[in-house]
Each structure stands twice: as C-alpha cells, then as structure tokens.
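I opened my notebook to see how this chain packs and pairs its charges. Here is the structure I looked at.

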Amino acid sequence: KEDRGVDYFVKDPEKYRGKNIVIAGGGDSALDWSIFLANVAESVTLVHRRNEFRGALDSVEKVQELKNSGKIKLITPAEVTAIKGDGKVEAITVVRDGEEPIDIETDYFIPLFGLTPKLGEIANWGLNIEKNAIVVNNALDYQTNIDGIYAIGDINTYPGKLKLILCGFHEATL
C-alpha cells in the first residue's frame with residue numbers, strides 16, 4: 001500500500017528531509033537520487049546486486065566520492081530480501097554474497113530497478129534480433145520475420161521506435 005514507506009519514484013524530495021533512506025538499484029535513477037538525497041536525508045544507503053553500476057560514469061564517481069566522505073553508505077554486491085515493519089517500513093533486510101542477512105533501520109525504501117527486457121529462449125527461435133529487441137514490420141501488424149509470430153511493446157524494435165508504455169498499447173490495438 002502507498003504511504004507506508006515504500007516509494008517506487010521520488011515525487012517530492014522534501015518528504016525525505018531528515019529521514020533514513022534505503023535505495024536499491026544500480027542505474028541512473030538510483031545513482032542520481034542517492035546523490036541528490038545525500039544532501040536532504042539524514043542517511044542514504046544504496047544497495048546494488050553487483051559491484052558495477054549501469055549508470056553514467058560521472059554519477060558512479062560522485063556516489064563513490066559521497067561514500068568516501070561518509071555521506072552515503074554503499075552496500076554491494078547485495079540484495080534487499082525483506083521489508084520489515086508493523087504497517088509501515090521500519091527496516092529492510094540485506095544479504096551480501098556469502099554473508100549473514102543484516103537489518104537496516106529505515107524510514108523509506110525506494111527500489112529503483114528499471115526495466116530491461118530479457119529475450120530468454122525466444123532468442124533461439126530464429127527471429128531477427130537487433131540490440132536485444134525483435135525486429136518487426138510496423139507498416140501493418142508488427143509481424144516478425146517468421147509468419148504468425150508478432151511482437152509488441154518493449155521487446156520489439158523498428159525504425160523510429162519509442163520505448164513508451166503508450167506505444168505498447170498502440171501496437172497491441174493494431
């Protein structure tokens with residue numbers, strides 16, 4: 001439920017002033033909000049499942065600087081495995097590779113994972129694939145190079161493709 005301490009995006013940064021925040025993720029959103037909230041929140045902990053980040057290099061460097069100066073706590077490689085609290089977030093459980101789980105007290109948990117389509121076994125079907133997306137004919141019906149197989153949404157690509165939810169709805173209608 002909303003307003004219980006789990007936020008999937010940051011609407012009003014002032015909400016976090018003086019609070020303890022845990023952010024999970026390794027892309028631009030997680031890095032950028034960690035940097036910004038380091039100057040707003042009482043504490044910011046960034047948890048990421050790998051040691052490497054997918055975000056912009058300057059953001060990665062800034063997070064490392066803030067970690068070195070004690071303004072951000074960085075926990076890698078690790079995953080958030082549980083949210084604890086009685087009606088509201090009170091702590092999150094983090095597991096580091098090969099270590100015992102630890103609980104981190106927090107007022108807010110902000111998971112910022114993003115979305116990356118995974119082709120899985122579909123990649124072996126003989127479909128035309130370009131940059132991890134299935135090439136379709138968008139002139140008529142989003143058919144792939146194999147008769148009877150169609151692809152819509154973030155999994156497909158064509159000239160001028162925009163990766164927007166709205167596009168997936170439009171493609172489904174056609």
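**Packing around α1**

I began with α1, whose buried residues pack against β1, β2, α2 and β7. Those buried residues (under 20% relative accessible area; exposed is over 50%, partly exposed in between; 1.4 Å probe, protein chains only) are Ala-30, Leu-31, Ser-34, Ile-35 and Leu-37. Helices (H or I, at least four residues) and strands (E, at least two) are DSSP runs, numbered from the N terminus.

A note on the source: this is a predicted model, where local features need pLDDT of at least 70 and side-chain atom pairs count only at pLDDT 80 or more, while totals for chains, interfaces and linings use all residues. Residues are numbered from 1 along each chain as its sequence is written, and side-chain values use heavy atoms, leaving out hydrogens and water.

**Cores**

Next I looked up the largest nonpolar core (buried Ala, Val, Leu, Ile, Met, Phe, Trp, Tyr and Cys joined through side-chain atoms within 4.5 Å), and found 21 residues, with Ile-21 and Leu-37 among those with the most contacts inside it. Two or more residues each come from β1 (20-24), α1 (28-37), β2 (43-47), α2 (57-68) and β7 (108-111). The largest share, four residues, is from α1. Another core, of eleven residues, lies apart and includes Val-6 and Ile-92.

**Charges**

I then counted four salt bridges (Lys or Arg side-chain nitrogen within 4 Å of an Asp or Glu carboxyl oxygen). Asp-7 pairs with Lys-15 at 2.9 Å between the closest N and O atoms; Asp-7 is buried at 9% relative accessibility, whereas Lys-15 is partly exposed at 32%. Asp-103 and Lys-84 come to 2.8 Å between their closest N and O atoms, linking β6 to β4 across 19 residues.

Methods. Contact = heavy atoms within 4.5 Å.
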